[in-house]
Amino acid sequence: MPELPEVETMVRGLRPALGGMTLREVQVLDEFLLVDHTAREFERTVQGAMVDRIDRRGKWVVIALGDRRGLIVIQPRMTGGFWLIPPDRPDHIRLILRTDGPRESIWFCDNRRLGKIAWYPGAEEAELAFSRSHGPDALEISRAELGARLARTARGIKPTLMDQKVLAGIGNIYADEILFRARIHPSRTASTLSNGELDRLHASIPAVLSEAIAAEGSSFDAGYRTVLGLEGGFLTGNAMYGRGGQPCPNCGHAIEKTKIAGLIGRPTHFCARCQPLDPPRRTKTR
Ligand SMILES: [Zn+2]
């Protein structure tokens, strides 16, 4: 599933191909993904517009059009992704953007059709739609804001980090890495983190996400690929996700793969020694 680093990688891949180009032709192949528009309406609205800029907002790809032509917002969700080369599964193509640039066609594919394609007349409308369902971006949230948001919930820290309404961009893979780096057990109650733990958590979020962006994200099955069809490299050198039973890179203890409350459907990886559920109380020694 594309998380923040994968969507950021998509945006960086799209920029040189799409930025400054004119959308010569726009073709919706699957109306099911469109929000509030028919295929014809959407195509008519954006066709002929110049792409001003391409940005990421949480896990949204935001394509801002010039001359007040609005914004195209694409949510890849579970299995969506962009291709600058002909996709290996043409039957999964949902949208084609044809430009006047050297990359004539840009394809958006989505195997499970869970992605969304929307258009907003302006940045304010898009921002409003985003803020209705999302908290601050995980790369931009301040230490104070993160602390305040975690203090409000009695849920476990891992499902809370993955709740897009709390902060936007973190999914299952990076939550495991971030909590390992911060030495916090994934089942700890979010509101009980100490100041020191919050400091470590707040520092670990951008550290892990930046490393993942540099590696162009994580590919673990036939799912996520870069815009050139390549696998992301993060999971070749990561610490926790997908490494149940292997030695912890910090202490050598076997990494546990388990399921935790609030996240029954997906695996959680952690080191019970580096991330104890109940940190031993420091008792005064004589
Ligand atoms: Zn360990």
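This text describes one helix and one pocket of a predicted model.

The account begins with helix α2, which spans residues 39-46. Four of its residues, A39, F42, E43 and V46, are buried, a term that here denotes under 20% relative accessible area. When the helix is viewed down its axis, these buried residues fall within an arc of 95°, so they line one face of α2. A general property of helices is relevant to this arrangement. An α-helix has 3.6 residues a turn, so residues three or four places apart point the same way.

The two sides of α2 may now be considered in turn. On the buried side, the elements that cover the buried residues include the strands β1 (23-28), β3 (60-65), β4 (71-75), β6 (93-99) and β8 (116-120). The face turned away from that side carries R40 and R44, which are exposed. After the helix comes G48, a residue with a positive phi, near 85°.

Attention then passes to the second largest pocket, whose volume is about 380 Å³. Its lining consists of 20 residues, of which W60, Q75, R77, H134 and Q164 are the closest to the centre of the pocket. By character, the lining residues divide into 11 nonpolar, six polar and three charged. Strand β8, already named among the elements covering α2, supplies at least two residues of this lining, and helix α3 (123-133) likewise supplies at least two. Both domains take part in the pocket: domain 1 (4-133) and domain 2 (143-270) each provide at least three residues of the lining.

Notes: Residues numbered from 1 in each chain as written. Predicted model: local features only at pLDDT ≥ 70, side-chain atom pairs only at ≥ 80, totals over all residues. Heavy atoms only, no water. Buried < 20%, exposed > 50% of the residue type's maximum accessible area, 1.4 Å probe, protein only. Arc of directions from axis to C-beta. Contact = heavy atoms within 4.5 Å. 1 Å grid on protein atoms, 1.4 Å probe; cavity = no way out; pocket = protein on both sides within 12 Å on 5 of 7 lines; lining within 4 Å. Points joined across faces, edges and corners; volume = space filled by probe spheres on them. Nonpolar A, V, L, I, M, F, W, Y, C, P; charged D, E, K, R; others polar. Domains from an automatic or database assignment.
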